[in-house]
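Let's take a friendly walk through a protein model together. Have a look at the sequence and the structure below, and then read on.

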Amino acid sequence: MFDALQWALLLTAALLSGLSKTALNGIGPFVAAIAASVMPVGESTGMVLALLIGGDLVAITAYRAHADWQVIRRLLPAVFVGIGLGVVFMAYVDATTFRRSLGAVLLVLTVMQFAQGRKPALVVDRRLPRWLTNAAGSTAGFTSMLANAGGPVMNLYLLSAKAEIKGFLGTTAWLFFVINLSKLPFSIGLGLLTAHALRIALICAPAMLLGAVLGLRLANRMTFESFKRMVLVFTAMAAVNLMR
């Protein structure tokens, strides 16, 4: 099926998907890029989605007391619109266009993450303008449907240098659990989450759980700026490769 190097890459993607759910939120583009380098782009998206739902279950269990449901309720209508736009986009593009579009999305999100690291991020505030909430929600829904990569957009909307980290993680955990469950029937209908993709996800699930456990341990000491920069560099490289 896959050679040793390909399995190593898939297990690395699974490990990082767990980390992204319990500590390093926003490295979804890197997970997507690794998986897409081994499997067909569409099927890799379905495989990663299955892993992310598993990670969501761990995260909502760990951070269930920290979610801000008022923020989640404000975002969800626009998120669902973005998911719908992503479904339409994916239904009417060929494989090459989809691969290049995925690369472009990953590259844009990487630039956004670099920009976030250079300036203060937005503070979680229920009084943020409705247009900003709608823009963030719809963009997150679209990029999540297209590339399982809505995390960086939500980081820009939710993170603050002074934010309590578990509050952020609890809010994003529940938000993306709802998003990923909403994507599930569309992913099956579009042929992304196939029996083969689900089988690969199940094989990789122990690595995802290991990543989630490591993330829980890291959550209380989140000094990972150098690691984040390294992740973003490799994400950008993978994105450029997909766009060729």
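Helices H3 and H9 cross in a right-handed way; a crossing gets that name if the near helix is turned clockwise from the far one by less than a right angle, and it is left-handed if the turn is anticlockwise. Their axes come within 8 Å and cross at roughly 35°. The axes are lines fitted to C-alpha atoms, for helices over the stretch in contact, and the angles run from 0 to 180 degrees between N-to-C directions. The helices themselves are DSSP runs (H or I, at least four residues; strands are E, at least two), numbered from the N terminus.

Which residues of H3 make the contact with H9? They are Glu43, Gly46, Met47, Ala50, Leu51, Gly54, Gly55, Val58 and Ala62. On the H9 side, the contact includes His196, Ala197, Ile200, Cys204, Met208 and Leu216. Contact here means heavy atoms within 4.5 Å. The residues of this contact divide into 15 nonpolar, 4 polar and 1 charged. In that count, Ala, Val, Leu, Ile, Met, Phe, Trp, Tyr, Cys and Pro are nonpolar, Asp, Glu, Lys and Arg are charged, and the others, Gly among them, are polar.

This is a predicted model, in which local features need pLDDT of at least 70 and side-chain atom pairs count only at pLDDT 80 or more, while totals for chains, interfaces and linings use all residues. Residues are numbered from 1 along each chain as its sequence is written, and side-chain values use heavy atoms, with hydrogens and water left out.

**A second pair of helices**

Helix H3 (residues 41-62) also packs with helix H2 (residues 28-36), at an angle of about 130° and with the axes 9 Å apart. That angle makes H2 oblique to H3 (under 35 degrees is roughly parallel, over 145 roughly antiparallel, 65 to 115 roughly perpendicular, and the rest oblique). The crossing of H2 and H3 is right-handed. Val31, Ala35 and Ala36 of H2 meet Val41, Ser44, Met47 and Val48 of H3. This set holds 6 nonpolar residues, 1 polar residue and no charged ones. Met47 is named in the contact of H3 with H2, and Met47 is also named in the contact of H3 with H9.

**A salt bridge**

Side chains of opposite charge can pair when their charged atoms come close. How many salt bridges does the structure hold? It holds 1, where a salt bridge is a side-chain nitrogen of Lys or Arg within 4 Å of a carboxyl oxygen of Asp or Glu. The partners are Asp56 and Lys21, with their closest N and O atoms 2.7 Å apart. This pair links distant parts of the chain, since Asp56 is in helix H3 and Lys21 is in helix H1 (residues 4-22), 35 residues apart.

Are the two partners buried or exposed? Asp56 is buried, at 0% relative accessibility, and Lys21 is buried too, with a relative accessible area of 10%. Buried means under 20% relative accessible area, exposed over 50%, and partly exposed in between (1.4 Å probe, protein chains only).

**Four residues and their distant partners**

The table pairs some residues with partners elsewhere along the chain.

| Residue | Partner | Separation along the chain | C-alpha distance |
|---|---|---|---|
| Ser101 | Met243 | 142 residues | 7.3 Å |
| Leu202 | Met47 | 155 residues | 9.0 Å |
| Pro29 | Ser17 | 12 residues | 9.9 Å |
| Thr171 | Asp68 | 103 residues | 5.4 Å |

Ser101 belongs to helix H5 (residues 95-118) and is buried at 16% relative accessibility. Leaving aside neighbours within four places in sequence, Ser101 touches Phe89 and Leu146. Thr171, in helix H8 (residues 165-189), is buried at 5%. Beyond its neighbours within four places in sequence, Thr171 is in contact with His66, Ala67, Asp68, Val71, Ile72 and Leu158.

Pro29 sits in helix H2 and counts as buried, at 4% relative accessibility. Leu202, in helix H9 (residues 195-218), is exposed, with a relative accessible area of 60%.

**The whole chain**

Stepping back, the protein chain has 10 helices and 0 strands. Of its 244 residues, 52% count as buried. Among contacts between residues at least 6 apart in sequence, 87% join residues at least 24 apart.
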